[in-house]
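Got your viewer open? Grab a coffee and follow along, one selection at a time.

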Amino acid sequence: MTFVVPFDGTEQSCVGIRRAVELAPRSVRVVAFSVVPRKHAEWARERDLLDPGESWGNELVISRLQERAHEESDSVSFQHTTVDRYAPTGKISHEIRSFARDVDATMVFVGSIDAGGIVTSLQSVGSSVASDEAYDVVLVRRTESVLD
């Protein structure tokens with residue numbers, strides 16, 4: 001069994017990792033999956049993956065994403081893919097859905113602290129990922145443990 005967490009380095013996606021790890025039985029693999037727009041320094045800076053004035057480095061940004069995922073849990077696997085900086089609408093969610101299907105994910109944990117009560121209120125990536133019936137979707141909004 002595999003749990004997938006779409007991971008872009010934001011606090012919301014970190015909360016998704018924490019919840020997936022918290023709920024995963026020992027036999028379940030938790031994978032943080034990042035879709036990285038190539039040469040998009042602004043995207044990386046918005047997520048504190050590049051310092052101001054630091055130039056883009058694909059491997060640097062991916063390495064920092066991996067480090068951030070592992071800060072949440074050492075047990076998390078990290079995988080990524082890259083897309084064009086100007087990827088068309090829906091490309092990132094397509095990559096996430098394809099990855100989740102490829103690894104036969106049983107659950108996808110979408111961290112979305114500010115999400116409303118229904119799927120359509122999520123950002124475009126979240127609502128598209130949540131609409132796939134190949135896996136269950138957990139919308140994670142609360143940062144505190146559900147097991148306490």
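**Start at a loop**

Select proline 25 first: with a relative accessible area of 42%, proline 25 counts as partly exposed. You'll find proline 25 in the loop between H1 and E2. Keep in mind as you click around that this is a predicted model. Now add methionine 1 to the selection. Proline 25 and methionine 1 are 24 residues apart along the chain, and their C-alpha atoms are separated by 9.5 Å.

**Zoom out**

Switch to cartoon and color by secondary structure. The protein chain has five helices and five strands, and going along the sequence they follow the pattern β-α-β-α-α-β-α-β-α-β. Of the 148 residues in the protein chain, 45% are buried. If you consider contacts with a separation of 6 or more, 69% of them are between residues 24 or more positions apart.

**The sheet**

Next, select the strands. What is the order of the five strands in the open sheet? Reading across, the order is E3-E2-E1-E4-E5, and the pairing is parallel. E3 (77–83) and E5 are at the edges with a single partner strand each, so each has one side without a neighbour in the sheet. Turn the view to see the twist, which averages 25° from one strand to the next.

Now stay with E2 and E3. These two pair in the parallel sense over seven bridges. For a landmark, pick alanine 32, which stands opposite phenylalanine 78 in E3. Then bring in H4: this helix packs on the sheet, where H4 touches E1, E2, E3 and E4. The direction of H4 makes about 155° with that of E2.

**Along helix H1**

Select residues 11–23, which is helix H1. How far apart should the ends of these 13 residues be? At 1.5 Å a residue the expected span is 18 Å, and the end C-alpha atoms are indeed 18 Å apart, so the two agree.

Show side chains for Ser13, Cys14, Val15, Gly16, Ile17, Arg19 and Ala20, the buried residues of H1. Their packing partners are strand E1 (2–6), strand E2 (29–37), helix H3 (58–72), strand E4 (107–111) and strand E5 (136–140).

**Salt bridges**

The structure holds eight salt bridges, and a few are worth a click.

- Arginine 18 and glutamate 72: their side chains meet in a salt bridge at 2.8 Å, N to O. Glutamate 72 belongs to helix H3 and arginine 18 to helix H1, so this pair ties together parts that are 54 residues apart in sequence. Glutamate 72, at 24% relative accessibility, is partly exposed; arginine 18, at 29%, is partly exposed too.
- Arginine 19 and glutamate 22: the closest N and O atoms in this salt bridge are 2.7 Å apart. Both sit in helix H1, three residues apart, which puts about one helical turn between them. Buried or exposed: which is arginine 19? Arginine 19 counts as buried because its relative accessibility is 6%, under the 20% cut-off. Glutamate 22, at 22%, is partly exposed.
- Lysine 91 and glutamate 95: here the closest N and O atoms of the salt bridge are 2.8 Å apart. Both lie in helix H4 (residues 91–102), four residues apart, or about one turn of the helix. Lysine 91 is partly exposed at 29% relative accessibility, whereas glutamate 95 is buried at 17%.

There's a general reason for this kind of spacing: with 3.6 residues a turn in an α-helix, residues three or four places apart point the same way.

To finish this stop, select Asp8, Glu46 and Arg47, which are linked in a network of salt bridges.

**Into the core**

Hide the charged side chains and head inside. The largest nonpolar core has 26 residues, and Phe7, Val61 and Leu65 have the most contacts inside it. E1, H1, E2, helix H2 (41–46), H3 and E5 each supply at least two residues of this core.

Center on valine 61. Leaving aside residues up to four places away in sequence, valine 61 touches Val36, Trp43, Ala44, Leu49, Leu50 and Trp56. For the last selection, try Val4, Val31, Val83 and Val103: they are among the 13 residues of a second, separate core. In soluble globular proteins, nonpolar side chains tend to be buried together.

Terms used
Residues are numbered from 1 along each chain as its sequence is written. This is a predicted model: local features need pLDDT of at least 70, side-chain atom pairs count only at pLDDT 80 or more; totals for chains, interfaces and linings use all residues. Side-chain values use heavy atoms; hydrogens and water are left out. The expected span of a helix is 1.5 Å times one less than its number of residues. Buried means under 20% relative accessible area, exposed over 50%, partly exposed in between (1.4 Å probe, protein chains only). Contact means heavy atoms within 4.5 Å. A salt bridge is a side-chain nitrogen of Lys or Arg within 4 Å of a carboxyl oxygen of Asp or Glu. A nonpolar core is a set of buried Ala, Val, Leu, Ile, Met, Phe, Trp, Tyr and Cys residues joined through side-chain atoms within 4.5 Å. Two strands pair if DSSP finds at least two bridges between them. Axes are lines fitted to C-alpha atoms, for helices over the stretch in contact, and angles run from 0 to 180 degrees between N-to-C directions.
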